[in-house]
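I am opening this entry to keep a record of what I look up in the structure and in what order. I begin with the question of open space and go on to the interior and the cysteines.

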Amino acid sequence: MTAERLIQWGRENPGRLFLIDGFGALVSALLLGVVLVSYEDVFGIPRPTLYVLALFPCLFGVYDLYSYRYAGKNTTHFLKGIAIMNLSYCFLSVGLALYHYASLTYWGWTYILLEVVIVSALASLEYRVAQSLKMEAWAK
């Protein structure tokens with residue numbers, strides 16, 4: 001699917017973007033707060049750092065559910081909000097990975113980088129859909 005078709009789909013289904021983001025946040029929270037904690041020695045990410053990282057997806061999931069339910073005419077603002085929060089989370093993840101550079105294993109780096117790629121791609125889509133919705137509203 002091309003980027004333009006994804007943006008068009010997002011414009012037609014902004015609520016689904018919130019649900020997809022919320023589901024992804026739930027998966028991230030479970031992986032960070034439960035799975036990776038159990039295999040701290042395999043990934044090399046300290047337990048307190050994993051709990052800090054898991055907290056943010058929990059908060060994002062609440063935001064996504066609220067946005068899905070109540071965004072209404074403010075969908076553009078809510079989409080921009082979650083896009084900015086997701087990108088901030090990516091920077092935080094990379095920053096904490098660099099801070100723990102000495103202890104991170106290959107698997108730890110792989111997890112962090114894959115999550116950053118996925119989350120930043122979703123954030124880019126959310127932001128671009130928000131911009132498209134804004135332009136559509138101005139054109140009316």
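Before I look for open space I fix the term: a pocket is an open set of grid points where a 1.4 Å probe fits, with protein on both sides within 12 Å along at least five of seven lines. I also note at the outset that what I have is a predicted model.

**Entry: the pocket.** I looked up the largest pocket and found a volume of about 440 Å³. I then asked which residues lie nearest its centre. Of the 21 residues that line the largest pocket, these are Gly24, Ser28, Glu115, Ile118 and Val119. Sorting the lining by class, I counted 15 nonpolar, 4 polar and 2 charged residues. I also traced the lining back to the helices, and found that H2 (14-38), H4 (47-70), H5 (75-99) and H6 (106-139) each supply at least two residues.

**Entry: the chain as a whole.** I stepped back to the overall build, where the secondary structure comes to 6 helices and 0 strands, so that, helices and strands being taken as DSSP runs numbered from the N terminus, the order of elements reads α-α-α-α-α-α. The C-alpha trace spans about 55 × 25 × 25 Å along its principal axes, and buried residues make up 41% of the 140 residues in the chain. I also checked how far apart in sequence the contacting residues are: among contacts between residues at least 6 apart, 75% join residues at least 24 apart.

**Entry: the nonpolar core.** Which residues of the largest nonpolar core touch the most other members? In this core of 31 residues they are Leu32, Leu36, Ile45, Leu79, Ile112 and Val129. The elements that give two or more residues to the core are H2, H4, H5 and H6, and H6 gives the most, with 10 residues.

I followed Ile112 further and, leaving out residues up to four places away in sequence, found that it touches Ile45, Leu53, Ser93 and Ala97. That led me to Ser93, which lies in helix H5 and which, under the same exclusion of residues up to four places away, touches Leu53, Ile112, Glu115 and Val116. Is Ser93 buried or exposed? I record Ser93 as buried, because its relative accessible area is 1% and the cut-off for burial is under 20%.

**Entry: a second serine.** I looked next at Ser132, which is placed in helix H6 and is also buried, with a relative accessible area of 15%. Apart from its neighbours within four places in sequence, Ser132 is in contact with Ile7 and Arg11. Ser132 and Arg11 stand 121 residues apart along the chain, yet their C-alpha atoms are separated by 7.3 Å.

**Entry: the cysteines.** How many disulfides are there? I applied the cut-off of 2.5 Å between cysteine sulfur atoms, and the count came to 0 disulfides. Cys58 is in no disulfide, since the nearest cysteine sulfur, that of Cys90, is 16 Å away, whereas a pair has to lie within 2.5 Å. Cys90 is likewise in no disulfide, with the sulfur of Cys58 as its nearest cysteine sulfur at 16 Å. I then compared their surroundings: Cys58 counts as partly exposed, at 43% relative accessibility, while Cys90 is buried, with a relative accessible area of 6%.

Conventions: Residues are numbered from 1 along each chain as its sequence is written. This is a predicted model: local features need pLDDT of at least 70, side-chain atom pairs count only at pLDDT 80 or more; totals for chains, interfaces and linings use all residues. Side-chain values use heavy atoms; hydrogens and water are left out. On a 1 Å grid over the protein atoms alone, a cavity is a set of points where a 1.4 Å probe fits but cannot get out, and a pocket is an open set with protein on both sides within 12 Å along at least five of seven lines; lining residues have an atom within 4 Å of a point. Grid points are joined across faces, edges and corners, and a volume is the space filled by probe spheres set on the points. Helices (H or I, at least four residues) and strands (E, at least two) are DSSP runs, numbered from the N terminus. Ala, Val, Leu, Ile, Met, Phe, Trp, Tyr, Cys and Pro count as nonpolar, Asp, Glu, Lys and Arg as charged, and the others, Gly among them, as polar. Buried means under 20% relative accessible area, exposed over 50%, partly exposed in between (1.4 Å probe, protein chains only). A nonpolar core is a set of buried Ala, Val, Leu, Ile, Met, Phe, Trp, Tyr and Cys residues joined through side-chain atoms within 4.5 Å. Contact means heavy atoms within 4.5 Å.
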